[in-house]
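Please open the structure in your viewer and keep the selection panel at hand. The tour below goes from one selection to the next and says what is found at each stop.

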Amino acid sequence: MSADHLIETHLVTKGFGGITAVSECSIGAGRGSITGLIGPNGAGKSTLFNIIAGEISPDHGTVRFDGQDVTPLRPHDLFSRGLLRTFQIAHEFSNMTALENLMMVPSPQPGERLFDTWLRPGYVRRTEAEVRTKALEVIDFLGLRAIRNELAGNLSGGQKKLLELGRTMMADARAVLLDEVAAGVNRTLLKELTDNIQRMNRELGVTFLIIEHDMDLIALLCDPVIVLAEGAVIAEGPMDDIRSNQAIIDAYFGSPVETAA
Ligand SMILES: Nc1ncnc2c1ncn2[C@@H]1O[C@H](COP(=O)(O)OP(=O)(O)OP(=O)(O)O)[C@@H](O)[C@H]1O
Ligand SMILES: [Mg+2]
């Protein structure tokens, strides 16, 4: 356990029927880091994410966020503490504009302001004008001004991903889990997406934990990188070290074409 870790799992195990998806897995994402999580299909990456995000409970082990045991907490509790995972835009929001989607995000971290609500009723609730102002700031930050009045359902895969990042900004996220961030995103928007992840990290101090199969993207964004195989950590370090570790390459990344740097 390390105080420098914002997110930490300790000996987390999760089985589905006869399959052990995650096996005594201990990982950490440093405060202010962009940590990568890689590994072959079925390695348990998404399952570990779902456990951290409170969507499923581990059979054993603990999850800590900002030094506190959050293992039993559900996604909305974690949301209010600033730990978010992104989701595709839900069907019911596809008929709202990009701006309206941002305005729909609930006020962040109400728990921390409980005292204020109690002493000053109404304090927590942002006025619609405040929400709109914040949503427009997020739109500007992400360079989405041109599409702010487009229906979310009409946006491209990459634009939807940017909007998802925007929703984490509306929630004042401190940590964001991104599963397969590049999937379905074209090259131009991928650059915007990675630039924005880096800006959110640098300028807003957001910690990221990112699952991705595109090794070049991982190399560009992430340090350190954690390698998972069969539900357990098999390596951790800078991507250059991981890439040059022949044992890992042979065992887990298959063909030399895929691993050519
Ligand atoms: N809800 C579930 N029910 C049964 N088995 C599951 C469930 N979720 C995951 N698994 C199994 O657990 C193992 C780990 O799956 P997981 O989705 O976590 O892997 P992954 O590393 O995210 O893979 P990919 O790179 O393909 O997304 C796999 O064998 C998968 O079939
Ligand atoms: Mg997965």
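Which polar side-chain atom lies 2.9 Å from an oxygen atom of ligand 1? Select ligand 1 together with S46, bearing in mind that this is a predicted model, and you will find that the atom in question belongs to the side chain of S46.

**Stop 1: ligand 1**

Keep ligand 1 selected and add H213, where an N or O atom of the side chain is 2.8 Å from an oxygen atom of the ligand. Then add A43, which takes part through its backbone instead, since a polar backbone atom of A43 is 3.1 Å from an oxygen atom of ligand 1. Taken on its own, ligand 1 has 630 Å² of accessible area, and the protein covers 60% of it.

Now widen the selection to the whole shell, which consists of 13 residues around ligand 1, with N41, G42, K45, T47 and H213 as the closest. If you colour this shell by class, you should count five nonpolar, six polar and two charged residues. Two elements, β2 (19–30) and α1 (45–52), each supply at least two residues of the shell, and it is α1 that gives the most, with three residues.

**Stop 2: the largest pocket**

A general idea helps here: when a probe the size of a water molecule is rolled over the atoms, it shows where empty space is left. The largest pocket has a volume of about 450 Å³. To find it, select F79, L84, R85, F87 and R167, which are the closest to the centre of the pocket among the 21 residues that line it.

Next, select α2 (75–81), β6 (83–85) and α6 (157–170), the elements that give two or more residues to this lining. Among the elements, α2 gives the most to the lining, with four residues. By class, the lining of the largest pocket is made up of 12 nonpolar, five polar and four charged residues.

**Stop 3: an open sheet**

Switch to a cartoon view for this stop, and recall that the strands of a sheet pair through backbone hydrogen bonds, either parallel or antiparallel. Here four strands form an open sheet with antiparallel pairing, and their order is β2-β1-β4-β5. Because β2 and β5 (68–69) stand at the edges with a single partner strand each, one side of each is left without a neighbour in the sheet.

Select β1 (residues 5–16) with β2, and you can follow the eight bridges that join these antiparallel strands. As one example, I7 has A29 in β2 as its bridge partner. While you are on strand β1, stop at L11, which is found in this strand and has a positive phi of about 50° although it is not a glycine. As background, most residues other than glycine have a negative phi, and most peptide bonds are trans.

**Stop 4: a hairpin and a cis bond**

Finally, which residues are joined by a cis peptide bond? Select D223 and P224, which are joined in this way with an omega of about 5°; P224 is found in the loop between α8 (215–221) and β9.

Move on to strand β9 (residues 225–229) and strand β10 (residues 232–237), which pair in the antiparallel sense over five bridges. One of the pairs to look for is I226 with its bridge partner E236 in β10. The two strands, β9 and β10, form a hairpin with two residues between them, and in the turn you can select E230, which has a positive phi of about 50°.

Definitions and conventions: Residues numbered from 1 in each chain as written. Chains lettered and ligands numbered in written order. Predicted model: local features only at pLDDT ≥ 70, side-chain atom pairs only at ≥ 80, totals over all residues. Heavy atoms only, no water. Near = heavy atom within 4 Å. Polar contact = N/O pair within 3.5 Å; in protein donor to acceptor, adjacent residues only side chain to side chain. Areas by Shrake-Rupley, 256 points an atom, 1.4 Å probe, with all protein chains shown as cover. Nonpolar A, V, L, I, M, F, W, Y, C, P; charged D, E, K, R; others polar. 1 Å grid on protein atoms, 1.4 Å probe; cavity = no way out; pocket = protein on both sides within 12 Å on 5 of 7 lines; lining within 4 Å. Points joined across faces, edges and corners; volume = space filled by probe spheres on them. Pairing = 2+ DSSP bridges.
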